[in-house]
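Colleague: Please take one part of this model and go over it closely, residue by residue where that helps. I would like the charged side chains followed first, and then whatever they lead to.

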Amino acid sequence: MNFSKLRRAIALPAIAGSLATVVTTATAADLNLRIEGLSATGDIHIYVFTSPDGFPKEESAALHRSFPRPPAAQNELTARVEVPDAAQYAVVVFQDEDGNGTMNRLLGMIPQEPYGLSRNPDVFGKPKFPDAAVSGDSARQTPLVIKMRR
């Protein structure tokens with residue numbers, strides 16, 4: 001019997017399995033959000049960005065979750081979103097009042113449906129990632145309160 005071949009036959013799958021574990025292991029975290037000031041109708045869409053790339057308009061650059069609007073008597077939503085572990089998060093929320101699945105914008109820029117950003121910044125024009133970014137540690141420990149505006 002050739003022990004050298006047997007050792008390789010055992011060792012290679014064991015090494016490959018441990019490498020696969022290292023490569024595929026990913027940590028996730030939960031962001032707890034409280035979204036205040038909802039209008040009467042429309043699902044709530046949440047976009048979580050972990051970098052400035054595509055912020056705030058490129059939906060494909062963000063993690064997207066949607067939630068049905070809570071009962072009419074409530075004007076806020078509490079949501080938990082599982083996100084990848086990251087150094088920073090910036091959250092964009094909009095309420096889809098007409099149900100078309102996208103945020104309506106005047107001239108492709110100015111939101112025409114209720115929206116909000118993490119940190120609730122006062123911005124004129126297109127917000128930048130630092131305007132809404134919160135540290136990953138802080139965001140995972142304390143609920144983010146997002147106030148909707150028009």
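Modeller: I will start from R34, which has a relative accessible area of 31% and therefore counts as partly exposed, since that class runs between the 20% limit for buried and the 50% limit for exposed. Bear in mind that the model is predicted. The side chain of R34 meets that of E36 in a salt bridge, with N and O 2.9 Å apart.

E36 leads on to the sheet. The bridge partner of E36 in strand β10 is K147. The strand pair concerned is β1, residues 28-36, and β10; these two run parallel and are joined by four bridges. β1 also pairs with β4, this time antiparallel, through nine bridges. One residue pair that shows this is A28, whose bridge partner in β4 is P84. In general, strands of a sheet pair through backbone hydrogen bonds, in either a parallel or an antiparallel way.

Put together, this gives an open sheet of three strands with mixed pairing, in the order β4-β1-β10. Its edge strands, pairing on one side only, are β4 (76-84) and β10 (144-147). Neighbouring strands of the sheet are turned against each other by 30° on average, with direction ignored.

The edge strand β4 has two distinct faces. L77, A79, V81 and V83 point to one face and are buried. E76, T78, R80, E82 and P84 alternate with them, point to the other face and are not buried.

Back to the charged side chains. Side chains of opposite charge can pair when their charged atoms come close. The structure holds five salt bridges, and the R34 and E36 pair is one of them. Another joins the side chains of R140 and D85, at 3.1 Å from N to O. R140 sits in helix α3 (residues 136-141), whereas D85 is in the loop between β4 and β5, so this salt bridge ties together parts that are 55 residues apart in sequence. R140 has a relative accessible area of 25%, so this residue is partly exposed. D85, at 45% relative accessibility, falls into the partly exposed class as well.

A further salt bridge is formed by E97 and R150, whose closest N and O atoms are 2.6 Å apart. This pair also links distant parts of the chain, with E97 in the loop between β5 and β6 (105-106) and R150 in the segment after β10, 53 residues apart. The two partners differ in their cover: E97 is partly exposed because its relative accessible area is 27%, while R150 reaches 62% and is therefore exposed. Among the charged residues there is also a network, in which salt bridges with shared partners join D85, D137 and R140.

Next, the aromatic side chains. A pair of aromatic rings is described by the distance of the centres and the angle of the planes. With a limit of 6.5 Å between ring centres, the count is three aromatic pairs. In one of them, the rings of Y47 and F94 have centres 6.3 Å apart and planes at 5°, so they are stacked. Y47 belongs to strand β2 (residues 43-49) and F94 to strand β5 (residues 88-96), so the pair connects parts 47 residues apart in sequence. Y47 and F94 are both buried. The rings of F49 and F55 lie with centres 5.2 Å apart and planes at 85°, so that pair is edge-to-face. F49 and F55 are both buried too. Ring pairs bring F129 together with F49 and F55 in a cluster.

For the setting of these details, the protein has three helices and 10 strands. Along the sequence they follow the pattern α-β-β-β-β-β-β-β-β-α-β-α-β. Of the 150 residues, 33% are buried. Among contacts with a separation of 6 or more, 70% come from residues 24 or more positions apart. The accessible surface comes to about 9100 Å², and 56% of this belongs to carbon and sulfur atoms.

Terms used:
Residues numbered from 1 in each chain as written. Predicted model: local features only at pLDDT ≥ 70, side-chain atom pairs only at ≥ 80, totals over all residues. Heavy atoms only, no water. Phe/Tyr/Trp six-rings, centres within 6.5 Å; stacked < 30°, edge-to-face > 60°. Buried < 20%, exposed > 50% of the residue type's maximum accessible area, 1.4 Å probe, protein only. Contact = heavy atoms within 4.5 Å. Areas by Shrake-Rupley, 256 points an atom, 1.4 Å probe, with all protein chains shown as cover. Pairing = 2+ DSSP bridges. Axes fitted to C-alpha atoms, helices over the stretch in contact; angles between N-to-C directions. Salt bridge = Lys/Arg side-chain N within 4 Å of Asp/Glu carboxyl O.
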